[in-house]
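I opened this notebook to record what I looked up in one structure, entry by entry.

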Amino acid sequence: MTELGLTGKGALVAGAGQGIGRATALLLAGAGAKVACMDVDAERRDAVVAELTGLGAEAVAVEGDLLVRADVDAAVAATVAAFGGLDVAVDIVGVARWNPVLELTDEDWDQSFDLVLRHLFFLSQAAGRVMVEQGTKARAASQSGTTGGAITSIASVSGLFAAPFHAAYGAAKAGLVSLTKTLAVELAPHGIRVNAVAPGAVRTPRVLERLSLEREAESSKSIPLGRMAEPDDIAKVALFLCSDLASYVTGQTVVADGGASVKFPLSLGG
Ligand SMILES: NC(=O)c1ccc[n+]([C@@H]2O[C@H](COP(=O)([O-])OP(=O)(O)OC[C@H]3O[C@@H](n4cnc5c(N)ncnc54)[C@H](O)[C@@H]3O)[C@@H](O)[C@H]2O)c1
């Protein structure tokens, strides 16, 4: 049997309450990890924890707002207290706003960077410090096996390609891609891998609230695989990046968009 290396590992999923976060928490738990779920929406978060424990997984709810550094530090400490360590940290949070670039206000710009990027800086520092210390202790005790850990976040194709009305969101996601590379290189000596997934369009509850069936059918025509992603499609890539299957992968942003971004937009053939 292929081993994902996640059995008994402590994981923190920020933004676990719905969509890609819930799907990632479920997959990590299914792979044997103990999962701490953080979400500003306590009702959603607790429902996911109940779902995980109902499936026989070890899961806890952690309080807090990922945009507040003290909350992030406390969430990491709570995960370590609950599970005895932190091996996997996943940052799902990121709120997309659509604004024509000429109408974008200074506030919109600043808020996008807070909603998309600032919290990855918070979480990577808090989780990275714990993971470095764990690795140092494991080496001092000459424990074999993987030291360090894995930090994974969610980018977007809007951070890699031009996406109309996503000037601020796209620039912040591009910053997330850059931060992922720098973190990966700085933390590699400690055995910590840092990666991101860049989804195209995903059928998350937030997106489905504002998407008509006609619009979805129209959008799906431009996707080679013929459909928008389900949250699970993205969570599977996050699981891979958090697992030992990705033991030699770091600093990468893996695009999961059904082939949309590699398709030449004009049809020149018959
Ligand atoms: N849905 C898409 O089509 C799509 C496409 C590309 C990228 N993404 C990215 O995927 C990620 C998840 O998107 P989604 O659509 O599943 O989001 P979502 O809004 O449906 O879910 C995110 C979860 O995070 C929680 N959350 C929000 N702010 C928080 C905070 N400050 N602290 C803690 N929890 C908080 C929310 O309550 C929610 O449960 C985002 O980073 C988004 O930019 C989504």
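The entries below run from the core and the ligand shell to helices, a strand and single residues. I note at the outset that the model is predicted.

**Entry 1: the nonpolar core**

I looked up the largest nonpolar core and found that it has 74 residues. Those with the most contacts inside it are Leu12, Val13, Leu28, Val35 and Cys37. Helix H4, residues 106–140, gives the most to this core, with 9 residues. In soluble globular proteins, nonpolar side chains tend to be buried together.

I then listed the contacts of Leu12, leaving aside its neighbours within four places in sequence. Leu12 touches Ala36, Met38, Ala75, Val76, Thr79, Leu86, Ala89 and Ala127.

**Entry 2: the ligand shell**

Which residues are the closest to the ligand? I found 28 residues around the ligand, and the closest are Gly15, Gly17, Gly19, Gly94 and Thr204. Helix H1 (19–30) and helix H6 (205–208) are the elements that give two or more residues to this shell. By class, I recorded 15 nonpolar, 8 polar and 5 charged residues in the shell.

**Entry 3: helix H1**

I checked the length of H1 against expectation. Its 12 residues should span 16 Å at 1.5 Å a residue, and the end C-alpha atoms are 17 Å apart, which agrees. H1 is mostly covered, with 11 of its 12 residues buried. Among the buried residues are Gly19, Arg22 and Leu28; Gly19 also appears with the closest residues to the ligand, and Leu28 with the core residues that have the most contacts. After H1 comes Gly32, with a positive phi near 100°.

**Entry 4: helix H5**

H5 covers residues 167–187, 21 in number, and I recorded a reach of 30 Å from the first C-alpha to the last, close to the 30 Å expected. Its buried residues are Ala167, Ala168, Tyr169, Gly170, Ala172, Lys173, Leu176, Thr180, Leu183 and Leu187. The cover over them includes H4, strand S5 (149–154), strand S6 (192–199) and strand S7 (253–256).

I also looked up Ala174, which lies in H5. Ala174 has 19 C-beta neighbours inside 10 Å and therefore counts as partly exposed, since buried status requires 20 or more. Ala174 and Ser158 are 16 residues apart in sequence, with their C-alpha atoms 7.9 Å apart in space.

**Entry 5: strand S6**

Why is S6 described as largely enclosed by the rest of the structure? I found that 8 of its 8 residues are buried, so the description follows. Ile192, Val194, Ala196 and Ala198 are buried on one side, and Arg193, Asn195, Val197 and Pro199 are buried on the other. In a regular strand the side chains alternate between the two faces of the sheet. S5 and S6 run parallel and are joined by 6 bridges. Val197 in S6 is the bridge partner of Ile154.

**Entry 6: two loop residues**

I placed Phe165 in the loop between S5 and H5. Phe165 has a positive phi of about 75° although it is not a glycine. Most residues other than glycine have a negative phi. With 16 other C-beta atoms within 10 Å, Phe165 is partly exposed.

Is Pro100 buried or exposed? Pro100 is exposed, because 9 other C-beta atoms lie within 10 Å, and the limit for exposed is 12 or fewer. Pro100 lies in the loop between strand S4 (88–91) and H4. I closed with the separation of Pro100 from Leu187: the two are 87 residues apart along the chain, and their C-alpha atoms are separated by 37 Å.

Technical notes: Residues are numbered from 1 along each chain as its sequence is written. This is a predicted model: local features need pLDDT of at least 70, side-chain atom pairs count only at pLDDT 80 or more; totals for chains, interfaces and linings use all residues. A nonpolar core is a set of buried Ala, Val, Leu, Ile, Met, Phe, Trp, Tyr and Cys residues joined through C-beta atoms within 7 Å. Helices (H or I, at least four residues) and strands (E, at least two) are DSSP runs, numbered from the N terminus. Two residues are in contact if their C-beta atoms, placed from the backbone, lie within 7 Å. The expected span of a helix is 1.5 Å times one less than its number of residues. A residue is near a molecule or strand if its C-beta atom, placed from the backbone, lies within 6 Å of it. Ala, Val, Leu, Ile, Met, Phe, Trp, Tyr, Cys and Pro count as nonpolar, Asp, Glu, Lys and Arg as charged, and the others, Gly among them, as polar. Two strands pair if DSSP finds at least two bridges between them.
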